[in-house]
Amino acid sequence: MKRILQASIIIVLILIIYWQAFSPPSKNEIENAVFIKISTGQTLQTTSEDLKNKNLIRSIIAFNLYAKFLGVEEKIQPGRYGFKEGTGIKEILNTITNTELTEINITIPEGFSVKEIDKRLVEMELISEREFIAEALIYEGYLFPDTYSVYKFNFSAGALIKKMRDNFSKKITPDLNEAIKKRGRSLKEIIIMASILEKEIKTEKDMAVV
């Protein structure tokens with residue numbers, strides 16, 4: 001009888017420890033979606049500490065052990081992730097180690113300033129406010145407006161800036177460069193002039209003429 005009682009106590013304790021370690025925080029502990037940012041090369045320990053600080057997991061040790069048990073501790077992908085209330089550690093690990101994430105499209109209209117692009121990315125919950133501005137301001141005028149495919153969970157402002165700059169470079173063909181030189185202008189002067197005109201244009205018809 002004594003052994004049965006001891007065994008029952010041990011089982012109860014194990015269940016309590018399991019619940020504390022692996023169950024997600026309760027609803028009243030997380031009111032809204034919480035975002036974390038994982039940098040390139042970030043370790044499992046740092047990631048679990050961030051998750052704990054954001055109240056997304058109960059136990060750093062349990063999270064690390066489970067990641068190692070699944071063999072995914074080296075597969076954590078950099079990016080910005082959002083988790084809803086009550087997300088379990090298995091789902092969190094599946095998300096931050098997923099290399100086959102669905103792509104989404106970001107459309108940057110003509111005439112959009114760096115500030116307007118930043119606002120759109122914030123509204124899409126891809127970045128924090130002014131994150132794009134901080135990296136892109138020095139390239140304003142050299143970011144080509146277009147529709148770009150990106151990974152939502154693996155998004156970075158820097159990667160989008162590179163895509164936009166690369167696209168811009170492709171549009172500046174040798175013939176266009178030659179035409180600019182013949183007019184006695186520099187590429188920078190043409191970009192400034194185009195930006196000024198763009199702010200004055202009110203209709204699509206006028207835009208096409210310009």
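Is Arg130 buried or exposed? I looked this up at the outset, bearing in mind that the model is predicted, and found that Arg130 is exposed, with a relative accessible area of 51%.

**Entry on the loop between α5 and α6**

I placed Arg130 in the loop between α5 and α6 and then read its backbone, where phi is near 75°, a positive value in a residue other than glycine. Glu125 lies in the loop between α5 and α6 as well, and I noted for Glu125 a phi near 60°, again positive in a residue that is not glycine. For the accessibility of Glu125 I recorded a relative accessible area of 46%, which makes Glu125 partly exposed, since exposed requires over 50%.

**Entry on helix α5**

Going back along the chain, I turned to helix α5, residues 114-123, which is followed by Glu125 with its positive phi. Which residues of α5 are buried? I found Val114, Ile117, Asp118 and Leu121 to be buried there, and, seen down the axis of α5, these buried residues fall within an arc of 100°, so they line one face of the helix. I was reminded that an α-helix has 3.6 residues a turn, so residues three or four places apart point the same way. I then checked the face of α5 turned away from the buried side, and noted that it carries the exposed residues Lys115, Lys119 and Glu123.

**Entry on helix α4**

I asked of α4 which residues are buried, and listed Ile89, Ile92, Leu93, Thr95 and Ile96. Around the axis they cover an arc of only 160°, which puts them on the same side of α4.

**Entry on α3 against α4**

Next I examined how α3 meets helix α4 (residues 89-96), and recorded that their axes come within 11 Å and cross at roughly 60°. That angle makes α3 oblique to α4, and I noted the crossing of the two helices as right-handed. The contact is formed by Phe63, Tyr66, Ala67 and Leu70 on the α3 side, and by Ile89, Lys90, Ile92, Leu93 and Ile96 on the α4 side. Sorted by class, the residues of this contact are 8 nonpolar, no polar and 1 charged. I also saw that Ile89, Ile92, Leu93 and Ile96, which take part in this contact, are among the residues I had listed as buried in α4.

**Entry on α2 against α3**

At what angle do the axes of α2 and α3 cross? For helix α2 (residues 44-53) and helix α3 (residues 60-70) I recorded a crossing at roughly 135°, with the axes coming within 9 Å. The two helices are therefore oblique to each other, and I entered their crossing as right-handed. From α2 the contact draws on Leu44, Gln45, Ser48, Glu49, Leu51 and Lys52, and from α3 on Ile60, Phe63, Asn64, Ala67 and Lys68. I sorted the residues of this contact into 5 nonpolar, 3 polar and 3 charged. Phe63 and Ala67 of α3 appear in the contact with α2, and I had already entered both in the contact with α4.

**Entry on Leu56**

Finally I looked at Leu56, which lies in the loop between α2 and α3, and found it to be buried, with a relative accessible area of 2%. Measuring no further than C-alpha to C-alpha, I noted that Leu56 and Ala33 are 9.9 Å apart in space and 23 residues apart in sequence.

Key
Residues are numbered from 1 along each chain as its sequence is written. This is a predicted model: local features need pLDDT of at least 70, side-chain atom pairs count only at pLDDT 80 or more; totals for chains, interfaces and linings use all residues. Side-chain values use heavy atoms; hydrogens and water are left out. Axes are lines fitted to C-alpha atoms, for helices over the stretch in contact, and angles run from 0 to 180 degrees between N-to-C directions. Helices (H or I, at least four residues) and strands (E, at least two) are DSSP runs, numbered from the N terminus. Angles under 35 degrees count as roughly parallel, over 145 as roughly antiparallel, 65 to 115 as roughly perpendicular and the rest as oblique. A crossing is left-handed if the near helix is turned anticlockwise from the far one by less than a right angle, and right-handed if clockwise. Contact means heavy atoms within 4.5 Å. Ala, Val, Leu, Ile, Met, Phe, Trp, Tyr, Cys and Pro count as nonpolar, Asp, Glu, Lys and Arg as charged, and the others, Gly among them, as polar. Buried means under 20% relative accessible area, exposed over 50%, partly exposed in between (1.4 Å probe, protein chains only). The arc is that of the directions from the helix axis to the C-beta atoms.
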